[in-house]
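Q: I am new to this structure and would like a close look at one part of it. Please take a sheet and describe how it is built and what surrounds it.

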Amino acid sequence: MTPNNQAAYLLKAGTPLELRNAPLPTAGPGELVVKNAAIAINPLDWHMADTGVFIQQWPAIFGCDVAGEVFEVGPGEERFKKGDRVIGHAINLTSGRPQDGAFALYTVIPATKAAILPTSISFIDGVVVPFAFEAALCVLSSKEPGVAMPGVSTPALGLPYPSLEAVPSLGKTLVVYGGSSSVGSMTTQLATAAGIHVISIAGKSNFGFSKRCGAIEVFDHKDLSVVEKTIEAVRKSGHVFIGIFDAIGSPETFANDLAILAALGGGHLACTHPPPADVPANVKAGMIFAVSDVATPVWKDYLTPALETGKLQCLPHPTVVGKGLEHIQSALEKSKAGVSATKLVVEL
Ligand SMILES: NC(=O)c1ccc[n+]([C@@H]2O[C@H](COP(=O)([O-])OP(=O)(O)OC[C@H]3O[C@@H](n4cnc5c(N)ncnc54)[C@H](OP(=O)(O)O)[C@@H]3O)[C@@H](O)[C@H]2O)c1
């Protein structure tokens, strides 16, 4: 019997999502259909719901993070089989196709953006990983600047991929501003696994969390001396200063970024939002666009063994908002109100 698919549809920007029956998607070449067991919420989602930005087809199904069982494998795809437990990054953001949105019972994902979830990890824990994982790789590993949006290039830090082995220090320091955020904490984990020394800036109550992700030192974003303390810590590290990943992108964090970079002779400023327009010549500023082939080898070769061995932790921990697609709307509202070192998850 053909299963019934349902989705949380956005009919018009600024209106609540509506639950409706949806066509059961099929897997094309290189694709999987996942029967979702859990989906996660990202700030991008409420931004899309509020403004309609990035939506290419109405009514829209969007959302980026899924965890569940493979329901159908597309032609030519040999890494996965029906019934496999997977996590995946759904790419409605770039494809615009409703079947590529996470907020449904069944979602199409590219096999290159999926990984087997070890049986020891629940769907609820695993679903915090996909979008943040790809975003972190866009921060760290792109070698050449691309186009994030008209007039804004992507950062090109060109750092090595994370390793499953213990790696020697690269002798380089990266500052992660927003170390307790989903993308900031994942960047901290992956940078650390590549031998990079991470100094992070986070809320005082999340120092332990950021250190668990690998940060060597953490400073309080509310500390009035955060800039001076960060500069001193980078100098004391004795390493080459790579620059800053700013996961937050507020006027305050940008001002602090530029002050830190000015004192340390410049460097990269990788952002999740468009960086300030006029940066000094010694600052290479860019904004990530977190659907990128740079992540493909890491999805394929790193993610599952890293989860199996605990090298990569499913952090930040999930907060389950409810069970059923009808809870996505309140999860979006909670995300918009702001979270601290957690990822909002809806179980299905
Ligand atoms: N361009 C892209 O492709 C892309 C991809 C992914 C995400 N994003 C964007 O990146 C941003 C982060 O996303 P996310 O999912 O990682 O966010 P998130 O997990 O929802 O962020 C919450 C965290 O932000 C921290 N925070 C808030 N203000 C801060 C400040 N002034 N200094 C330091 N930390 C601060 C909080 O820290 P404390 O609780 O410790 O205070 C909290 O833990 C969002 O705006 C998102 O839309 C963009």
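A: The answer below starts with one open sheet, then follows a cysteine from that sheet to other parts of the chain.

The model is a predicted one. Its open sheet has six strands, paired in parallel, in the order β12-β11-β10-β13-β14-β15. The edges are taken by β12 (217-220) and β15 (283-287); each has a single partner strand, so one side of each has no neighbour in the sheet. On average, and ignoring direction, neighbouring strands here are turned by 20° against each other. Strands of a sheet pair through backbone hydrogen bonds, in a parallel or an antiparallel way.

Within this sheet, strand β13 (residues 240-246) runs parallel to strand β14 (residues 267-271), and four bridges join them. One residue pair can be named: Asp246 has Cys271 in β14 as its bridge partner. Helix α8 (residues 251-263) packs on the sheet and touches β10 (172-177), β11 (197-202), β13, β14 and β15. The direction of α8 makes about 175° with that of β13.

For residues 183-265, UniProt lists "domain: Alcohol dehydrogenase-like C-terminal" in an unreviewed entry. That span is 49% helix and 20% strand, and its end C-alpha atoms lie 26 Å apart.

Cys271 leads to the matter of disulfides. A disulfide is a covalent bond between the sulfur atoms of two cysteines. The count of disulfides in this model is zero. Cys271 is in none, as its nearest cysteine sulfur, that of Cys138, is 14 Å away. Cys271 is also buried, because its relative accessible area is 0%. For Cys64, the closest cysteine sulfur is again in Cys138, at 12 Å, which is too far for a bond. Cys64 is buried as well, with a relative accessible area of 4%.

Another strand pairing lies outside the sheet order given above, in the region that UniProt lists, in an unreviewed entry, as "domain: Alcohol dehydrogenase-like N-terminal", residues 28-118. Over these residues the chain is 14% helix and 35% strand, with the end C-alpha atoms 25 Å apart. Here strand β3 (residues 31-40) and β6 run antiparallel and are joined by five bridges. Val33 stands opposite Val108 in β6. Strand β6 (residues 106-110) is mostly covered, with five of its five residues buried. Tyr106, Val108 and Pro110 point one way from β6, while Thr107 and Ile109 point the other way.

Val108 is also among the residues touched by Arg97, along with Glu31, Gln57, Ile61 and Asn92. Arg97 sits in the loop between α2 (92-95) and β6. Arg97 is partly exposed, with a relative accessible area of 25%. The side chain of Arg97 makes a polar contact with that of Asp100, at 2.8 Å.

A lysine in a further strand can be set beside this arginine. Lys343 belongs to strand β17 (residues 343-347). Lys343 is buried, because its relative accessible area of 2% is under 20%. The side chain of Lys343 has a polar contact with the side chain of Ser182, at 3.0 Å. Residues that Lys343 touches include Ala40, Ile41, Asn42, Asp65, Pro316 and His317.

Conventions
Residues numbered from 1 in each chain as written. Predicted model: local features only at pLDDT ≥ 70, side-chain atom pairs only at ≥ 80, totals over all residues. Heavy atoms only, no water. Pairing = 2+ DSSP bridges. Helix = DSSP H or I, 4+ residues; strand = E, 2+ residues; numbered from the N terminus. Axes fitted to C-alpha atoms, helices over the stretch in contact; angles between N-to-C directions. Contact = heavy atoms within 4.5 Å. UniProt positions renumbered as here; feature names shortened; annotations may be inferred. Buried < 20%, exposed > 50% of the residue type's maximum accessible area, 1.4 Å probe, protein only. Polar contact = N/O pair within 3.5 Å; in protein donor to acceptor, adjacent residues only side chain to side chain. Disulfide = S-S within 2.5 Å. Lists of a residue's contacts leave out its neighbours within four places in sequence.
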